[in-house]
Every structure is written in C-alpha cells, then in structure tokens.
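Work through the exercises below with the sequence and the structure side by side. Each task is followed by a solution that goes step by step.

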Amino acid sequence: TVISDCKLVKFLQSKKNCRRGAFFQHFGEAVQECNGMCDNCVSSIELKDIDATYHTKIIVSLLQEMQQNDQRATLLQLVDKFKTKWKHSAGCSNEAVDLKKEEIEQLIVQLILDRVLKEEFQHTAYTTNAYVVLGPLWKPALQGNRPVKLTSAIHSQDSGDRFKSAKRNQMSNLEAKLDDLRRTISSRNGGVFPHAVLSTEQISLLNCHTPTTIAELEKLIGKVKTDKYGSDIIEVMRSETGSGKDSGDGAKRQKKDKGVVFVESSEEEG
C-alpha cells in the first residue's frame, strides 16, 4: 500500500464528508446537493471518537523495538503484531478500547498521514514492498504527549431509516412512487444503480410535467431509458394522474409544450 497522496487518502478515509462535494471542491466547481448518491450520505453513519493515544504508544514501541533489531514490517504484519501485543498489555490501561482489525489499519494510516509513522520502500526486480517505520513525530506519541483520536463509524439501521424517512417526507406522492419504482427496477436488474434508472433531476421533471405517453416521456428522459423503462414509468404516471390516454407515439399532447425542458440522460446507458 502506498500512502503518498495525503488528500486522496484522507478522502478515502473520511466517513463523514460527502464524496460528491469533495469532487466538486477539488475541480473548483459549485457544490451541488448529493441527494444520497454517495456512500457517506446514503448510509447516515453515526460517528464516535475513540481515544487511541494508548494504542499509538503500543504501535510506536513495537516499531522502535523492531528498528533496534534491524527488522521491518508491512502494514498488515504490523496489525498482527499489534493484536498479539495488545492481548498482553491491554490491562495496563483500563480505559483502552479494543479495536477491530479495520480500525487498527485505519489508525496506522492516520498515523502515517500525521507523520508519526512513515513508509519505506524496498524495490526488487519483481516487486516493491512497502514497510511502516517510525516517522518524524514518533517521540511525542511514544511519551503520550500527543493525544490521538480515531473516528470510528457506527452503522445504525435506525438512523438510516430516519434519514430515508426525512428525505421521503420532502417528496410529493408522485416523486415517492417514482423513487420506489427506480429502486424496484434496480433490484430487478442487478448491478444497475437506482439513479441510473432515473436521476433525481429526471424525477423532478416527471413530477413537474406528468407525461402520460411514451412520446412525452421520451422528450424528458431520452430514448434509451424510455425504451428500457418507459412502460413501467408510464404505468405509474397514469395511475397517479388518473389519465387513461393511450401511450402510443402518435397520441396528441394534452399539455402545452411551452416551458418544458427536455433532458437527455447524462448517465452511460448501454
């Protein structure tokens, strides 16, 4: 593992910040609402801070001992060594929390980003090995003079349900039905994300213009999506609007075209 691009690694490590917002900021664009399209926003993660100062002391002392014996360890080897030593030293701190394997890995990466630790590379003819060694700021960490906080995620189904409920409360009845439809189609066609069936913007357009024919629908969401999902969408539209119009392409529009914004899908549709 190469942890050289701090911004990229911090982006990947983050359990709180919106992924899409980070992309917009990186490219200097105006931040747009995520609408639950990234993992952090849709999972409604509850976070807790763990005092990892004692855990850090153990990691640093392990590496110091290895360095004195002219030994090195990769990140995964260091995790295993930490778990072994933890079993024999956890009693020294009554308040220390037992960390999961992924949390130990997260802590080591965080310490590399904070320059408590660093990576060293060994190049061979066939591969490059990355080792974790002591960094410039290891002494204050070993002495416990450098408090370390580790942010851990608690995935709560209840909080996720509250997030979805709040989001749906902001939708109209038609938007909620279209949201249900895109999720149903997504589960029916494995590997297709709900927003790839209908984007949030397209659901808003359908709610605004209420198309009830294939021809009307195609002008709003494009031919590809209409061919794939048109019959299901029209069924929902007609049931919601109470329209019995024929959905053929030759049917006349009963609504004015004035002011209608025709949007082709921006997602890859293959």
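**Exercise 1. Find how much accessible surface the chain of this predicted model has, and what share of that surface belongs to carbon and sulfur atoms.**

Solution. The accessible surface of the chain comes to about 16300 Å². Carbon and sulfur atoms account for 49% of that area. Turning from the surface to the interior, buried residues make up 36% of the 270 residues.

**Exercise 2. Decide where the model may be read with more and with less confidence, using the pLDDT.**

Solution. Begin with the whole chain, which averages a pLDDT of 77, with 73% of the residues scoring at least 70. Next, go through the elements, among which helix α4 (residues 53–68) has the highest mean pLDDT, 93, whereas helix α8 (residues 157–169) has the lowest, 48. Then look for low stretches: over residues 156–160 the pLDDT stays under 50, and the model has 4 contacts beyond four places in sequence for them. Over residues 244–270 the pLDDT is also below 50, although this stretch has 52 contacts in the model beyond near neighbours in sequence. Where pLDDT is low, the predicted coordinates should not be read in detail.

**Exercise 3. Place the salt bridges of aspartate 179 in their helix, and state whether the partners are buried or partly exposed.**

Solution. The structure holds 6 salt bridges, among them one between the side chains of aspartate 179 and arginine 182, at 2.9 Å from N to O. These two residues are 3 apart in helix α9 (residues 173–188), so about one helical turn separates them. The side chain of aspartate 179 also meets that of arginine 183 in a salt bridge, at 3.2 Å from N to O, and here the two residues are 4 apart in helix α9, again about one helical turn. As for burial, the cut-off is under 20% relative accessible area; aspartate 179, at 2%, therefore counts as buried. Arginine 182 is buried as well, while arginine 183, at 39% relative accessibility, counts as partly exposed.

**Exercise 4. Carry out a similar analysis for lysine 223 and aspartate 227.**

Solution. The side chains of lysine 223 and aspartate 227 meet in a salt bridge at 3.3 Å, N to O. Both residues lie in helix α13 (residues 223–241), 4 residues apart, which is about one turn of the helix. Lysine 223 has 49% relative accessibility and counts as partly exposed, whereas aspartate 227, at 54%, counts as exposed. To finish, salt bridges that share partners join Asp179, Arg182 and Arg183 into one network.

Technical notes:
Residues are numbered from 1 along each chain as its sequence is written. This is a predicted model: local features need pLDDT of at least 70, side-chain atom pairs count only at pLDDT 80 or more; totals for chains, interfaces and linings use all residues. Side-chain values use heavy atoms; hydrogens and water are left out. pLDDT is the predictor's confidence in each residue, from 0 to 100. Contact means heavy atoms within 4.5 Å. Buried means under 20% relative accessible area, exposed over 50%, partly exposed in between (1.4 Å probe, protein chains only). Accessible areas come from the Shrake-Rupley method with a 1.4 Å probe; for residues, only the protein chains shown count as cover. A salt bridge is a side-chain nitrogen of Lys or Arg within 4 Å of a carboxyl oxygen of Asp or Glu.
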